[in-house]
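Let's take a friendly walk through a protein model together. Please look at the sequence and the structure below, and keep them in view as you read.

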Amino acid sequence: MTPLYQVDAFTAERFAGNPAAVCLLEGDAEDGWMQRVAAEMNLSETAFVRPAAEPGAYGLRWFTPAAEVALCGHATLATAHVLWTEERVPADRPLRFATLSGELVATRVGDAIRLDFPATPPAAAEPPAGLLEALGADGARWVGRSRFDYLVELASEEAVRRLRPDPARLRAVDTRGTTVTARASTPGFDFVSRFFAPAVGVDEDPVTGSAHCTLAPFWAGRLGRDELVGLQASARGGVVGVRLAGDRVQLTGQAVTVLRGELC
């Protein structure tokens, strides 16, 4: 039997934030099997974690229902939460994950978890044909491209919230996904965002840690501060604290387990 958990990440409340499945492996697993498990879970990401040779070190991979991805924040947060709360690792021990994006480190900070991720700053770019139309976005202030995704800045939080994209048209755009953002008008937040990735099987992601690796340098440059709080304005919603530290981004959030089970 293989232990399997479902965790809501970047939230302190059940049934909010972004749900991720976390599968605890004893060793290597076949790629096709992991992809089938991720499709069965039908969440934006399923994390597969296996112990490495050193204490507190793990191999970590992430799959959407349709594809493996190179970086995922919420499923990493969920994995760290499971390893600590299920007492697989002492609560005061940092966790190191070997991933397709290099080594990622998770530490506990009170009731929250802090992730050390690579920054993926965007560079200004022309929007590809059909992108803005597929988003239903009028009057984009700025468009750029990061390592993984397009970033589109709109004029207001309300403009971000009222978007109703066409997933079929977005799927034709050559990118993992698209982040749409604006300066926040909701008190307590610096910026808002939404993230769409139908090309990898996720029409809209509830909360996207990897997108905040782009949002952090983008908004730090505009607002003149390295520590910010982002609100991902999806239907479920979630909160991500970010701190830009050179070529790294620290992502901070909470998580809660909603399901424990086993794969037969």
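Start with Tyr58, which in this predicted model has a relative accessible area of 11%. Anything under 20% is called buried, so Tyr58 belongs in that group. Phe97 is buried as well, at 1% relative accessibility.

Now let's look at aromatic rings. A pair of such rings is described by two things: the distance of the centres and the angle of the planes. How many aromatic pairs does a search of the whole structure find? The count is six. In one of them, the ring centres of Tyr58 and Phe97 are 6.3 Å apart and the planes meet at 40°. An angle under 30 degrees would be stacked and one over 60 edge-to-face, so this pair falls into the remaining class, tilted. Find both residues along the chain and you will see that the pair links distant parts of it: Tyr58 lies in strand 4 (residues 57-63) and Phe97 in strand 6 (residues 95-99), 39 residues apart.

Compare that with Phe218 and Trp219. Their ring centres are 5.1 Å apart. Why is this pair called edge-to-face? The planes stand at 85°, which is over 60 degrees, so the pair is edge-to-face. Phe218 is buried, with a relative accessible area of 3%, and Trp219 is buried too, at 2%. These two residues also belong to a cluster, in which ring pairs link Phe218 and Trp219 with Trp142 and Phe191.

Rings can have charged neighbours too. Over the ring of Trp142, a member of that cluster, sits the charged end of Arg222, 5.2 Å from the ring centre. Elsewhere, the charged end of Arg145 sits over the ring of Tyr150, with 4.5 Å to the centre.

Let's finish with some strands. Strand 15 (residues 227-232) and strand 16 (residues 238-245) run antiparallel and are joined by six bridges. Within this pairing, Val229 has Gly241 in strand 16 as its bridge partner. Five residues lie between the two strands of this hairpin, where Gly237 takes a positive phi near 75°.

Strand 16 has another partner: it pairs with strand 17 (residues 248-253), again in the antiparallel sense, over five bridges. Here Arg243 stands opposite Gln250 in strand 17. This hairpin has two residues between its strands, and Gly246 takes a positive phi near 65°. As you trace the strands, remember that in a regular strand the side chains alternate between the two faces of the sheet.

Conventions
Residues are numbered from 1 along each chain as its sequence is written. This is a predicted model: local features need pLDDT of at least 70, side-chain atom pairs count only at pLDDT 80 or more; totals for chains, interfaces and linings use all residues. Side-chain values use heavy atoms; hydrogens and water are left out. Rings of Phe, Tyr and Trp (its six-membered ring) pair if their centres lie within 6.5 Å; planes under 30 degrees apart count as stacked, over 60 as edge-to-face and the rest as tilted. Helices (H or I, at least four residues) and strands (E, at least two) are DSSP runs, numbered from the N terminus. Buried means under 20% relative accessible area, exposed over 50%, partly exposed in between (1.4 Å probe, protein chains only). A charge sits over a ring if NZ of Lys or CZ of Arg is within 6 Å of the ring centre and within 35 degrees of the ring normal. Two strands pair if DSSP finds at least two bridges between them.
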